[in-house]
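These are my notebook entries on a structure that I am consulting for the first time. I record what I looked up, entry by entry.

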Amino acid sequence: MDMSETTQRRSAVSGLLKRLWEAQRDSGRHYLAREVLREIADDLGLGTGFVRGVASFYSMLSEKPRGQHIIRVCESPPCQLAGAKGLVEELSALLDIPPGGTTADGLFTLELSSCLGACAEAPAIEIDEALYTGVQKEQLPAILAEVKKSAWTGPRPSLVDVFGAPRRLLNGESSSTIQPRDRDYAGLRYALGELSPDDVLDRVTESGLRGRGGAGFPTGRKWGFTRGAAGEPKYIVCNADEGEPGTFKDRVLMEFTPHQIIEGMILAGYAVGAEQGYIYIRGEYAEAIRRVNAAIEAARTAGYLGERILKAPFSFDIKVHQGAGAYVCGEETSLLESMEGKRGIPRLRPPYPATNGLWGRPTVINNVETLANVPFIIREGVKEFRRFGTPSSPGTKLYPLSGAVDRPGIVEAEMGTTLRALIFEHGEGMAEEKEFQAALVGGAAGVFLDEDGLDIPLEYDILAERDAVLGSGAVLVLDKGCEPTPLLEGILHFFAHESCGQCVPCRIGTTRLVELMSRLKNTGTREDFKLMLRIAKNMRQTSLCPLGQSCYPLLKSAVEVFKEDIFAQQGSNLGER
């Protein structure tokens with residue numbers, strides 16, 4: 001196959017997911033018929049089996065006819081604790097269908113979603129592209145009636161609160177026009193007028209900015225690897241596949257301040273020599289996709305994207321890539337596979353994306369929050385950025401706070417703030433004067449911390465010393481009325497459901513953990529839990545990606561925090577997938 005044939009095939013495959021989305025929308029019943037899949041395969045010069053394999057991988061795509069309106073009920077831990085099970089039961093009764101079913105008149109399909117990114121406003125449901133938050137069972141008939149009349153005017157505005165001090169990334173204001181404001185792109189204007197690409201890279205490196213997506217890898221080092229890598233073109237990819245249950249910070253950044261993310265991507269492209277960027281946004285974030293696309297167009301019109309930006313000898317543009325429902329695509333190599341039009345399964349590493357990323361080219365992949373920090377660093381300087389946080393983890397961090405706390409929302413606080421400060425200062429204490437039991441820190445792939453962990457600085461290195469993780473920074477607060485066994489069961493169901501199935505330890509291990517957890521809840525023994533820990537430990541050592549590796553720290557921390565409560569005979573208040 002010569003180079004032109006390779007490029008042509010690459011272009012065809014990379015456009016596959018977009019074609020599948022378009023065909024499903026055009027169907028009128030939110031599905032992909034066999035003949036449609038064959039037609040797409042023929043048009044793109046791909047095998048029908050390959051196309052079906054991709055379509056069947058993503059949960060938001062379907063080969064079975066569905067209703068005119070798709071109702072997705074969030075079953076993340078925050079929503080389950082807030083009563084999601086009752087919403088599912090009520091909707092099933094009102095529509096006379098089980099989860100996964102479609103009404104006889106073809107009007108509604110009822111589905112479950114692992115997370116809708118509305119954890120501070122739980123419980124949440126999404127109908128088509130409209131997000132409803134804080135939903136109560138008695139409101140459901142009116143909501144369904146509204147949808148039947150096509151009376152809704154679009155997604156409900158986010159009610160999420162953003163607070164804390166110092167507040168540096170979010171201003172709490174949302175512009176309906178998405179036009180750049182005076183302060184937007186000030187860092188870019190300064191960089192293109194006064195700084196070389198090396199200067200920008202040096203400033204980001206000196207700032208000590210670490211990845212805010214979970215791993216905490218130094219951003220400047222990552223950029224340096226790509227800048228020095230052989231091969232052209234180079235790419236900047238923003239990872240906005242925020243599927244971690246309990247996490248919603250990136251959604252709010254995209255909806256409230258998309259220009260900060262765009263500016264951060266342009267600066268990254270300038271520093272490493274890239275001219276094209278992509279934002280991979282999870283399919284469930286319809287409003288974020290709309291607002292980011294609008295912001296990109298506004299930035300392009302204002303001269304901040306495209307050829308010769310601000311008349312400088314530097315060009316850069318951005319495209320949005322919509323995901324289709326796969327938690328594993330939050331892992332960077334899985335995300336690249338998905339962007340290339342394939343099933344989103346992890347790649348073996350090395351090589352790493354910094355040198356062999358999108359289509360085999362050097363690629364920087366940064367989280368939304370990471371990129372949103374860059375304009376501040378360039379605009380205000382390294383010294384100002386390092387004034388906050390700790391020496392090894394400078395700056396501020398967005399901590400999504402949900403659960404049994406009086407003031408849920410997003411706390412922007414210095415890196416290294418404590419759990420006690422997040423809950424009892426910023427979150428204004430426990431809800432309804434309940435008693436604190438523990439907090440799940442880092443999302444579903446995180447760990448539990450009890451009262452002994454309230455004063456541990458929430459920072460990468462200190463938490464790592466305790467075999468804990470900061471992850472996305474999500475904090476789910478649990479009171480003493482929360483039963484740990486059904487909570488764990490729900491999280492393990494999530495892992496089993498979201499496993500891509502590529503590696504045996506994760507594919508078999510997650511299923512086995514769910515079976516043992518179910519038995520433990522009913523008739524199991526301590527030996528069952530010991531077996532779970534052994535299985536999870538093996539998964540941690542042998543799984544290809546963090547999904548399979550995350551079960552052991554979660555379970556180990558659970559038995560340390562909840563002790564005898566795990567082995568008590570308990571009924572589930574979280575329900576089953």
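Which residues in α3 meet which residues in α4? I note at the outset that the model is a predicted one.

**Entry 1: helices α3 and α4**

I looked up the contact and found R34, L37, R38 and A41 on the α3 side. On the α4 side I found T48, V51, R52 and A55. By class, I recorded four nonpolar, one polar and three charged residues in this contact.

I then turned to the geometry of the pair. Helix α3 covers residues 34–44 and helix α4 covers residues 48–57. Their axes come within 9 Å and cross at roughly 120°, which makes α3 oblique to α4. I entered the crossing as right-handed.

**Entry 2: cysteines**

I asked next how many disulfides a search of the whole structure finds. The search finds zero. For background, I wrote down that a disulfide is a covalent bond between the sulfur atoms of two cysteines.

Why is C79 without such a bond to C74? The sulfur of C74 is the closest cysteine sulfur to that of C79, yet the two are 3.5 Å apart and therefore too far for a bond. The cut-off I applied is 2.5 Å between the sulfur atoms. I also looked up the accessibility of C79, and at 1% relative accessibility this residue counts as buried.

I checked C551 as well, and C551 is in no disulfide. The nearest cysteine sulfur belongs to C506 and is 6.8 Å away. C551 has a relative accessible area of 1% and is buried.

**Entry 3: I262**

Where is I262 placed? I found I262 in helix α12, which spans residues 258–272. With a relative accessible area of 0%, I262 is buried.

Setting aside residues up to four places away in sequence, I listed the residues that I262 touches: Y185, A295, I296, A299, L305 and I318. I also looked up the separation of I262 and V368. These two are 106 residues apart in sequence, and their C-alpha atoms are 9.5 Å apart in space.

**Entry 4: S92**

Is S92 buried or exposed? I found a relative accessibility of 17% for S92. Because buried means under 20% relative accessible area, S92 counts as buried. This serine lies in helix α6, residues 84–95. Apart from its neighbours within four places in sequence, S92 is in contact with I97, P98, P99 and L110.

Key:
Residues numbered from 1 in each chain as written. Predicted model: local features only at pLDDT ≥ 70, side-chain atom pairs only at ≥ 80, totals over all residues. Heavy atoms only, no water. Buried < 20%, exposed > 50% of the residue type's maximum accessible area, 1.4 Å probe, protein only. Axes fitted to C-alpha atoms, helices over the stretch in contact; angles between N-to-C directions. Helix = DSSP H or I, 4+ residues; strand = E, 2+ residues; numbered from the N terminus. Parallel < 35°, antiparallel > 145°, perpendicular 65-115°, else oblique. Left-handed = near helix turned anticlockwise from the far one by under 90°. Contact = heavy atoms within 4.5 Å. Nonpolar A, V, L, I, M, F, W, Y, C, P; charged D, E, K, R; others polar.
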